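Good morning, and thank you for making time for this item. I would ask you to keep the sequence and the structure in view while I speak.

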Amino acid sequence: MTENEVAVVNVGQSDFGELEGQRVTEFGSRAVREALLSSSVEPDDIEEAYIGNVATTAQDQTSVIGQAILREVGVTGIPIIRVENACASSTCAFQEAYKRVQSGESDIVLAMGVEKMTGVPTEVALKDMAGAADAEVEGAMGMTFMGLYGMRANAYMNQFGNVREELADIAVKNHDNGLKNPRAHLQLNVDRDDILESRPISDPIRLLDACPMSDGAAAAVIARTEIAEELVEEPIYVDAAEMLSGNYLEEVEFWREELDERVAQKAYSEAGIGPDDLDVVEVHDAATIGELMHYEGLGLADQGEGASLVRSGDVMLDGRTPVNPSGGLKSRGHPVGATGVAQICELVWQLRGEAGARQVENPSIGLAQNSGGALVGEGGVSTVTILSNR
């Protein structure tokens, strides 16, 4: 079977934050409308749609959410499929859309993510998210994701030494980038002391090491490359889209992102590049230790050397490999089902030179890494998507 090359035609995103009084159909359709209006794609051109969505306690529309949103923009009468894979749900939706176009089953497909998380008590939202771990074993013990990040941070520091100040600097970097992103949830001007003096929540993780729970939506229209090149002047090419799950062995090295290593190697091989070729990167920084460990899992730094990228400034907006120019989950926000496609949106804007005050200098190749869920401390899913402007 001959595989088609695939490109992103256009993207759209709602504001991320506490969208009080707004229904998922409002901000969800806003993201799709932006993706359609800024290209020559009409609602009738969309042949299939894949929707990432996870949580249910804060949103009234607990099922057929894709149909409810897309009805608002006139996309009806086509296959519409909801995809749930924890925090990586919309990246997995993007990969399903990608495979449908790559295989030749469809020419133009929509991928999106949407989530409403605010408006309910924190304990209710946390119980909802606890289902993304081993609910029968870990959930019964009171394990939360920040508890897991705390355990991983301790394991990492026991293995490689204290990186507490570098973790704070990652938070400062991402909040500084978020101040340049008008769609970001947390617009905070903070310094290292603010992070280190914030309330402990899961030692050594502090409140300002953690991402917020957010509302928001993001959408991407993808097509066969030949069609995308007719629709827009600057299609962004999908060079790799890979996903793997954990092995869930009894002996887990908590200080290592082994799942990232495996999926990144598949993606680099598919794209024919290596980590040194990357110009801009978005990673899943639900907590600051997560971002540091992703540096190593993706091969941006050797094991135990992730903190050196922070100290050298390599991951800053004007550094060698800027990471999370959008502000990341830490500042842009984390409406879990929308986060993956929001990363795709940021890469598309960066590769087109449309990222405004947070624009990276002349990027050609971008990578997005998105994690979802965990079982016995190992990732439930990790995805790596590589885009380029060729």
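**Two annotated domains, one helix and one asparagine**

Over residues 262-376 the chain is 38% helix and 12% strand, and the C-alpha atoms at the two ends lie 18 Å apart. This stretch is covered by the UniProt annotation "domain: Thiolase C-terminal", which comes from an unreviewed entry. Please bear in mind that the model is predicted.

UniProt, again in an unreviewed entry, lists residues 6-225 as "domain: Thiolase N-terminal". Over residues 6-225, helix makes up 37% of the chain and strand 18%, with the end C-alpha atoms 5 Å apart.

Let me turn to helix α6. It comprises 15 residues, 164-178, and its first and last C-alpha atoms are 21 Å apart, close to the 21 Å expected at 1.5 Å a residue. Is α6 mostly covered or mostly open? It is mostly covered, with 11 of its 15 residues buried. Among them are Arg164, Glu166, Lys173, Asn174 and His175. The buried residues of α6 pack against several elements, including α5 (145-160), α10 (288-297) and α11 (306-312).

One of those packing partners, α10, also supplies a charged partner. Which residue meets the side chain of Lys173 in a salt bridge? It is Glu291, at 2.9 Å from N to O. This pair links distant parts of the chain, for Lys173 belongs to helix α6 and Glu291 to helix α10, 118 residues apart. Lys173 counts as buried because its relative accessibility is 3%, and Glu291 counts as buried because its value is 0%. Elsewhere, salt bridges that share partners join Glu5, Asp239 and Arg390 into one network.

The structure holds 23 salt bridges. Another of them pairs Glu26 with Arg23, at 3.6 Å from N to O. Here Arg23 counts as exposed because its relative accessibility is 51%, while Glu26, at 29%, counts as partly exposed.

My final item is Asn370, which lies in strand β10, residues 365-375. Why does Asn370 count as buried? Its relative accessibility is 0%, and the cut-off for buried is under 20%. The side chain of Asn370 makes a polar contact with the side chain of His284, at 3.0 Å. Leaving aside neighbours within four places in sequence, the contacts of Asn370 also include Cys87, Ala88, Thr91, Gly340 and Ser382. The C-alpha atoms of Asn370 and Glu282 are 8.3 Å apart, although 88 residues separate the two along the chain.

Notes:
Residues numbered from 1 in each chain as written. Predicted model: local features only at pLDDT ≥ 70, side-chain atom pairs only at ≥ 80, totals over all residues. Heavy atoms only, no water. UniProt positions renumbered as here; feature names shortened; annotations may be inferred. Helix = DSSP H or I, 4+ residues; strand = E, 2+ residues; numbered from the N terminus. Expected span 1.5 Å × (residues − 1). Buried < 20%, exposed > 50% of the residue type's maximum accessible area, 1.4 Å probe, protein only. Contact = heavy atoms within 4.5 Å. Polar contact = N/O pair within 3.5 Å; in protein donor to acceptor, adjacent residues only side chain to side chain. Salt bridge = Lys/Arg side-chain N within 4 Å of Asp/Glu carboxyl O.
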